[in-house]
Number of protein chains: 2
Amino acid sequence: MSGSCFAERFEHILPLTDREHRALEHLEETQRTVRRGAVVRRERDPASELYVIRKGWLMSYVLLDDGSRQILRLHFPGDLVGASSAAFGEAADSLVAVTDVVICPFEKSALRALFTDHPRLAALLFALTQAERVALTDRLASLGRTSAKARVAAFLIDILTRLRIMKVDLGDSFLLPLTQEEIGDATGLTAVHVNRMMRALVEEGLIARENGNIRILNEEWLVRIGNYINRYAEIDTAWLPPAN
Amino acid sequence: MSGSCFAERFEHILPLTDREHRALEHLEETQRTVRRGAVVRRERDPASELYVIRKGWLMSYVLLDDGSRQILRLHFPGDLVGASSAAFGEAADSLVAVTDVVICPFEKSALRALFTDHPRLAALLFALTQAERVALTDRLASLGRTSAKARVAAFLIDILTRLRIMKVDLGDSFLLPLTQEEIGDATGLTAVHVNRMMRALVEEGLIARENGNIRILNEEWLVRIGNYINRYAEIDTAWLPPAN
DNA sequence: CGTCGAGTTGACATAATTCAAGTAAGGTGG
DNA sequence: CCACCTTACTTGAATTATGTCAACTCGACG
């Protein structure tokens, strides 16, 4: 397991061949450590790299003309980040380290070999990015059609759910290294209102907070009020081409 | 041009080989006509098909527990719809015909051949879906961080921009076959407030409405207030594998 | 000619924001 | 080790954008 986080992620879905394993490890050959708060790349800067996260959290966001920020997504170990580079020469969003992170950057040209030599991996990658797209539409519905409390609930549950993908034994609590302002920028709220909603969730016995730690006390109920759907539970791989 | 809408879309980006052309045409071999208002597939139903739109508009949406609806996206001729089938066995969203449409359904198993025999097309498809994902994050920022007027402005400009992809000579007006309630479900607003915002845009001389027709009078300004970014202008194809 | 869906408008309600002030916690320099 | 700053969190009061409710118009359609 000293190998590839990406491969590990894939293998939660499907056993890989040695050859496929090596191909994915190849993508993570170089490694870069980034300090908490440091910018990995900035919106509109030229960008030709993608990143696999090996350790720590990243976040991606865009800034609007009026200076407000929308955090698009948190990114966790095993995630592929910056795939928009596959479509554009400029970064569509900024990437910042939320904690100290270890990332493995690779040039988008490396995708070429993946698509030509490993059609099954390419297809699996495609399926995974579709699942992420659906998760994004869930968030769209969250921002467009649910209350502040529901958005915060869904945000927290999503983090827990996704962290469990790579850490099955995670339990029901995690360290949340975000300010309330950042949670607000992710959920489309103000920091003040995030504060009120979080306390409301505490009041109602749905979560507990100790320093930066969040403990989910009533997961089922949070899922309910947040309208949350776990999109990572199962990916259909029946249609994939055979391994080679 | 009696061939494939999908191929036509791709060729706006990149010239295709004959072989690639045939592969795409193969996906559109069967054709289905669907009446305005009819449901193509329903959320949570088993779903193994993807669709290429040949003519007309579709929309995709999800319903929340409280009965509210979030329209996720409008889909136009040349668009690939229902790609979430690549990840899931159940439909993640509902698809409904906004106008009478002609769609070309194909099984997701047909993607297998695309990934094995046409790596360049697969990679281009991947790049295109990444561009769509970025457009979705733009919408997330729109719902999360911009005013009602800005959301409506962005919604209208996005339609115009995307219709122009396949119809370069479109000019600055289009027929909008949506009720104000539907526009509200797309922008996260109520029908009443959509009404007020549309009239405000008319008042300010930014758009004109004649029956169901929308004319964009001041595109630049709408783009400005809507914080709109055209993500369809150019796709980087430099990294794609060679054609075969 | 009556019904129905969509658009329009005004009055009112409310969720969330803004503003402001204060507290707690952590980091730094003397 | 203490005094000081800074940053985040917390809380209340006032404000505002958007939602809700209700009534009316209009055109399409049977």
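Colleague: What makes A:Arg209 a polar contact of DNA strand D?

Modeller: In this predicted model, a polar side-chain atom of A:Arg209 lies 3.2 Å from a phosphate oxygen of DNA strand D. The cut-off for a pair of N or O atoms is 3.5 Å, so the pair counts as a polar contact.

Colleague: Which atom of A:Arg199 lies 2.7 Å from a phosphate oxygen of DNA strand D, and which atom of A:Gln180 is 2.8 Å from one?

Modeller: For A:Arg199 it is a polar side-chain atom; for A:Gln180 it is a polar backbone atom. Helix 7 (191–203) of chain A and helix 7 (191–203) of chain B are the elements that give two or more residues to the surface near the strand. Helix 7 of chain A provides the largest share, 4 residues.

Colleague: Which residues come nearest to DNA strand D?

Modeller: Of the 15 around the strand, they are A:Gln180, A:Asn195, A:Arg199, B:Ala148 and B:Arg196. Of the strand's atoms within 4 Å of the protein, 73% belong to sugar and phosphate.

Colleague: How many residues of the surface near DNA strand D are nonpolar, polar and charged?

Modeller: There are 4 nonpolar, 7 polar and 4 charged residues.

Colleague: How do you know how chain B is related to chain A?

Modeller: Chain B superposes on chain A with an RMSD of 0.0 Å after a rotation of 180° and a shift of 0.0 Å along the axis. The two copies are therefore related as by a two-fold rotation axis.

Colleague: Why do you say that the copies meet through the same surface?

Modeller: Because 100% of the interface residues of chain B are also interface residues in chain A.

Notes:
Residues are numbered from 1 along each chain as its sequence is written. Chains are lettered from A and ligands numbered from 1 in the order in which they are written. This is a predicted model: local features need pLDDT of at least 70, side-chain atom pairs count only at pLDDT 80 or more; totals for chains, interfaces and linings use all residues. Side-chain values use heavy atoms; hydrogens and water are left out. Copies are superposed by least squares on the C-alpha atoms of residues with pLDDT of at least 70 in both. Contact means heavy atoms within 4.5 Å. A residue is near a molecule or strand if one of its heavy atoms lies within 4 Å of it. A polar contact is a pair of N or O atoms within 3.5 Å; within protein, one must be able to donate a hydrogen and the other to accept it, and residues adjacent in sequence count only if both atoms are side-chain atoms. Ala, Val, Leu, Ile, Met, Phe, Trp, Tyr, Cys and Pro count as nonpolar, Asp, Glu, Lys and Arg as charged, and the others, Gly among them, as polar.
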